[in-house]
Amino acid sequence: MKHGNDNRDRIQRAVAERYGSQLMVSEDWPGLDALTRMAEHRSHRKFEGRPVEAALLQLLFACAFSAPSKSDLQQADVVHVADRAKIRSIADGIPDMPWIANAPVFLVFCGNNRRIRRIGEWRGKPFANEHLDHFMNAAVDAGIVMTSFIRAAEAVGLGCCPISAVRNHPEAMSRLLELPAGVFPVAGLCVGYPAEEGRITPRLSLQVTVHTDRYDEAGVKEKIEAYDRRRDAVLPYRRQRNPERFGKADFYGWSEDKARQYAVPERADFGAFIRSKKFSLK
């Protein structure tokens, strides 16, 4: 029972830190060990030098690919980038993320529509789904597998940091990893034993992101502004984004940062890259 009390208290502390609110947790609920790890999730960007055992990594892959897959199509792959020269090349293309080069393990999770197309060819069947949904299915499958890998990794004491910036230069990434038509990068992942505890990142209130029966935006602006203030109190931004273009804000919160981020074009060529991979996106 003491163990249940400990998990309950840890979850409640993590929820309060992340969402700024209290949550009722019963010590009698099953699975609190796993829920505690999820509630206390932290991204890690500093790692110890010790390697991740190859056998352990294979087990984590096995757990990750045990995740749900749309219609059992299994349209996700992972490229374990073990060649340090290739990792250095990736890191050089993303200079503001030095943790890529320092991570003991670097993975690239990919959507894969190629395999199911080839199966259709082998079986003498047409591919009759040339539209946006078949891209979505592969991308979502890859995201689910990556999330499952992160959960498995954290269960054995590893830390992770997703890297969406592998899509900044998708053509170069595709050439480096020799990704054929129908296979595209979704996100990278740094993996290793954490060198520090890390921090819990505050998130939007569940009142903003969880809806019942219908989508509801009542009071959302005020709730986001309250989140800005709560987050700034514990995790203020160290610098403002693009001050030469937008000026220096007296108060710089999450919403100002994200508004500035999406005011500047980013990955505008990704659609063309995906089409070059034989996805029609109609």
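A residue counts as buried when its relative accessible area is under 20%. That cut-off is used at several stops of this tour, which goes through a predicted model.

**Stop 1: the sheet**

Start by selecting residues 76–80, which make up strand 1, and residues 159–163, which make up strand 3. They belong to an open sheet of four strands with antiparallel pairing, in the order 1-2-4-3. Strand 1 and strand 3 are the edge strands, each pairing on one side only. On average, neighbouring strands in this sheet are turned by 25 degrees against each other, with direction ignored.

Next, select residues 105–112 (strand 2) and 183–192 (strand 4). These two strands run antiparallel and are joined by eight bridges. To see one facing position, pick L107 in the display and look across to L189 in strand 4. In general, strands of a sheet pair through backbone hydrogen bonds.

Now go back to strand 3. Five bridges connect strand 3 with strand 4, again in the antiparallel sense. One place to look is G159, whose bridge partner in strand 4 is G192. Is strand 3 largely enclosed or not? Four of its five residues are buried, so strand 3 is largely enclosed by the rest of the structure.

**Stop 2: helix 7**

Select residues 132–155, which form helix 7. This helix lies across strand 1, strand 2, strand 3 and strand 4, and runs at about 10 degrees to strand 4. How far apart should its ends be, at 1.5 Å a residue? The 24 residues should span 34 Å, and the end C-alpha atoms are 35 Å apart, which agrees. Step past the end of the helix to G157, which follows helix 7 and has a positive phi, near 90 degrees.

**Stop 3: aromatic rings**

Show the aromatic side chains; the structure holds eight aromatic pairs. One of them is formed by F61 and F149, with 5.7 Å from centre to centre and 35 degrees between the planes, a tilted arrangement. F61 is in helix 3 (residues 54–64) and F149 is in helix 7, so this pair ties together parts that are 88 residues apart in sequence. F61 has a relative accessible area of 12%, so it is buried. F149 is buried too, with a value of 0%.

The rings of F270 and F273 form another tilted pair, because their planes are at 35 degrees and their centres 5.8 Å apart. Select helix 13 (residues 270–276) to find them: F270 and F273 both lie there, three residues apart, which is about one turn of the helix. An α-helix has 3.6 residues a turn, so residues three or four places apart point the same way. Both F270 and F273 are buried.

Add F109 to the selection of F61 and F149, and a cluster of three rings linked by ring pairs appears.

**Stop 4: charges over rings**

Select R45 and W99: R45 lies over the face of W99, at 5.4 Å from the ring centre. Then select R117 and F127, where R117 lies over the ring face of F127 at 4.1 Å from its centre.

**Stop 5: P243**

Finish at helix 11 (residues 243–246), where P243 is found. With 39% relative accessibility, P243 counts as partly exposed. From P243, draw a C-alpha to C-alpha distance to R260: the two are 9.5 Å apart in space and 17 residues apart in sequence.

How values were computed: Residues are numbered from 1 along each chain as its sequence is written. This is a predicted model: local features need pLDDT of at least 70, side-chain atom pairs count only at pLDDT 80 or more; totals for chains, interfaces and linings use all residues. Side-chain values use heavy atoms; hydrogens and water are left out. Two strands pair if DSSP finds at least two bridges between them. Axes are lines fitted to C-alpha atoms, for helices over the stretch in contact, and angles run from 0 to 180 degrees between N-to-C directions. Contact means heavy atoms within 4.5 Å. The expected span of a helix is 1.5 Å times one less than its number of residues. Rings of Phe, Tyr and Trp (its six-membered ring) pair if their centres lie within 6.5 Å; planes under 30 degrees apart count as stacked, over 60 as edge-to-face and the rest as tilted. Buried means under 20% relative accessible area, exposed over 50%, partly exposed in between (1.4 Å probe, protein chains only). A charge sits over a ring if NZ of Lys or CZ of Arg is within 6 Å of the ring centre and within 35 degrees of the ring normal.
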